[in-house]
Amino acid sequence: MPYWQLSISALITLDNSSALISHLANFRKQNPDAKIGFVPTMGALHQGHISLIAKAKEENQLVVCSIFVNPTQFNDPKDLERYPRTAEADSKLLTENGCDILYFPSVSDIYPKGLNESFEMDFGGIDKVMEGAHRPGHFKGVAQVVDRFFQIVQPDRAYFGQKDFQQVAVIRQLVKEKNHSIEIVPCSTLRSAEGLALSSRNMLLSTEEKEQALIIYKTLLFGQKWIKETADLNNLKEKMTVFFKSGKLELEYLELANPENLQPVKSTDDPVHCFVAAFCGKVRLIDNMRLN
Ligand code: AMP
């Protein structure tokens with residue numbers, strides 16, 4: 001019987017790349033046909049992350065989750081400082097959900113040459129719009145850390161949430177540019193019963209702020225309903241913006257774009273996807289939804 005069917009789901013936690021590389025090499029040697037699924041995260045895990053772990057478990061024989069709050073993708077040092085860290089609860093949740101390996105590296109394990117180590121790639125313009133335009137250097141940091149993870153873990157499949165829709169596009173571009181032979185599996189967004197997209201940053205919101213943050217979801221539904229009833233895209237961005245501003249959040253951007261190329265969309269004959277970024281107090285939230 002293969003190794004993975006015998007194993008009871010004890011979580012193995014490894015905090016350095018050499019230990020992980022040798023553990024995975026050993027696993028591959030013993031299980032040449034087994035597939036490895038990888039779920040990179042920044043921790044403060046919630047059911048959204050767990051849905052990725054569950055999908056990875058369904059499709060692979062071994063699941064590796066990483067928890068690393070990557071300094072190079074934070075353009076605001078205060079955001080990095082405030083980012084929630086809940087290692088013990090994360091470990092418990094991963095154990096309960098049958099994750100096999102938790103990779104929990106230090107900054108020096110990921111960046112042995114320091115944080116200024118250069119990383120270059122052609123983003124094909126994805127880094128110039130929406131999240132890319134509003135968070136300079138963010139996608140470069142994301143691509144850099146995921147590239148490093150891909151080199152270390154060399155998974156067969158890697159799982160990413162569509163809550164970070166533009167990030168999935170960046171990762172696909174990374175795979176193409178750096179010739180990683182890894183299947184990228186996009187996973188749908190998990191929401192609270194009221195509709196708030198689950199996010200580690202929600203932990204930083206008060207009950208009242210969580211209520212206020214629902215304006216994001218309500219605005220997306222408003223746009224969806226508008227297109228369904230009128231098939232008209234004229235001034236929809238402005239209408240959605242006015243609707244959004246009836247709430248208490250501070251809007252950073254609201255864009256209607258074609259999900260295939262992230263460029264502005266002109267007609268409802270094309271797919272219309274809405275992307276929103278907004279501040280709820282000091283906490284920056286993003287969400288997105290297909291409208292037609
Ligand atoms: P993070 O820890 O925020 O970097 O997220 C790690 C992964 O989980 C990313 O691929 C996210 O897109 C995904 N993720 C975060 N929130 C959700 C959610 N509500 N539903 C599904 N996936 C999510």
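Asn179 sits in the loop between helix 9 (165–177) and strand 6 (183–187). In this predicted model, the phi of Asn179 is near 55°, a positive value in a residue other than glycine. That is worth a second look, because most residues other than glycine have a negative phi. Asn179 counts as exposed because its relative accessible area is 67%, and the cut-off for that class is over 50%.

A similar case can be found earlier in the chain. Gln154 belongs to the loop between helix 8 (138–153) and strand 5 (157–161). Although Gln154 is not a glycine, it has a positive phi of about 45°. With a relative accessible area of 52%, Gln154 is exposed.

Now let us turn to the strands, beginning with strand 8, which covers residues 273–280. Seven of the eight residues of strand 8 are buried, so this strand is mostly covered, where buried means under 20% relative accessible area. Strand 8 has a partner in strand 7 (residues 250–257); the two run antiparallel and are joined by seven bridges. If you would like a pair to locate on screen, Leu254 stands opposite Val276 in strand 8.

Strand 8 also pairs with strand 9 (residues 283–290), again in the antiparallel sense, over eight bridges. Here Phe279 stands opposite Arg284 in strand 9. What links strand 8 and strand 9 in their hairpin? There are two residues between the strands, and in this hairpin Gly281 takes a positive phi near 65°.

Strand 2 (residues 36–41) is another mostly covered element, with six of its six residues buried. In a regular strand the side chains alternate between the two faces of the sheet. Strand 2 can be followed in just that way: Ile36, Phe38 and Pro40 point one way, Gly37, Val39 and Thr41 point the other way, and all of them are buried. Its pairing with strand 3 (residues 62–67) is parallel and runs over six bridges. At one of these places, Thr41 has Ile67 in strand 3 as its bridge partner.

For a helix, take a look at helix 5 (residues 87–96), where Ala87 has its place. Is Ala87 buried, partly exposed or exposed? Ala87 is partly exposed, because its relative accessible area is 39%. You can also use Ala87 to get a feeling for distance across the model: Ala87 and Cys274 are 187 residues apart in sequence, and their C-alpha atoms are 33 Å apart in space.

Let us now step back to the whole protein. Its secondary structure comes to eleven helices and nine strands. Along the principal axes, the C-alpha trace spans about 60 × 40 × 40 Å. How does the radius of gyration fit with a compact globule? For 292 residues such a globule would have a value near 19 Å, and the 20 Å of the protein agrees with that.

Contacts and surface complete the tour. Among contacts with a separation of 6 or more, 71% are between residues 24 or more positions apart. Of the 292 residues, 50% count as buried. The accessible surface of the protein comes to about 14400 Å², and 50% of this area belongs to carbon and sulfur atoms. Finally, the protein has 33 positive and 36 negative side chains, with the centres of the two sets lying 1 Å apart.

Note on methods. Residues are numbered from 1 along each chain as its sequence is written. This is a predicted model: local features need pLDDT of at least 70, side-chain atom pairs count only at pLDDT 80 or more; totals for chains, interfaces and linings use all residues. Side-chain values use heavy atoms; hydrogens and water are left out. Helices (H or I, at least four residues) and strands (E, at least two) are DSSP runs, numbered from the N terminus. The radius of gyration is taken over C-alpha atoms; the globule rule is 2.2 Å times the number of residues to the power 0.38. Buried means under 20% relative accessible area, exposed over 50%, partly exposed in between (1.4 Å probe, protein chains only). Contact means heavy atoms within 4.5 Å. Accessible areas come from the Shrake-Rupley method with a 1.4 Å probe; for residues, only the protein chains shown count as cover. Lys and Arg count as positive and Asp and Glu as negative; His and the chain ends are not counted. The place of a charge is taken as NZ of Lys, CZ of Arg, CG of Asp or CD of Glu. Two strands pair if DSSP finds at least two bridges between them.
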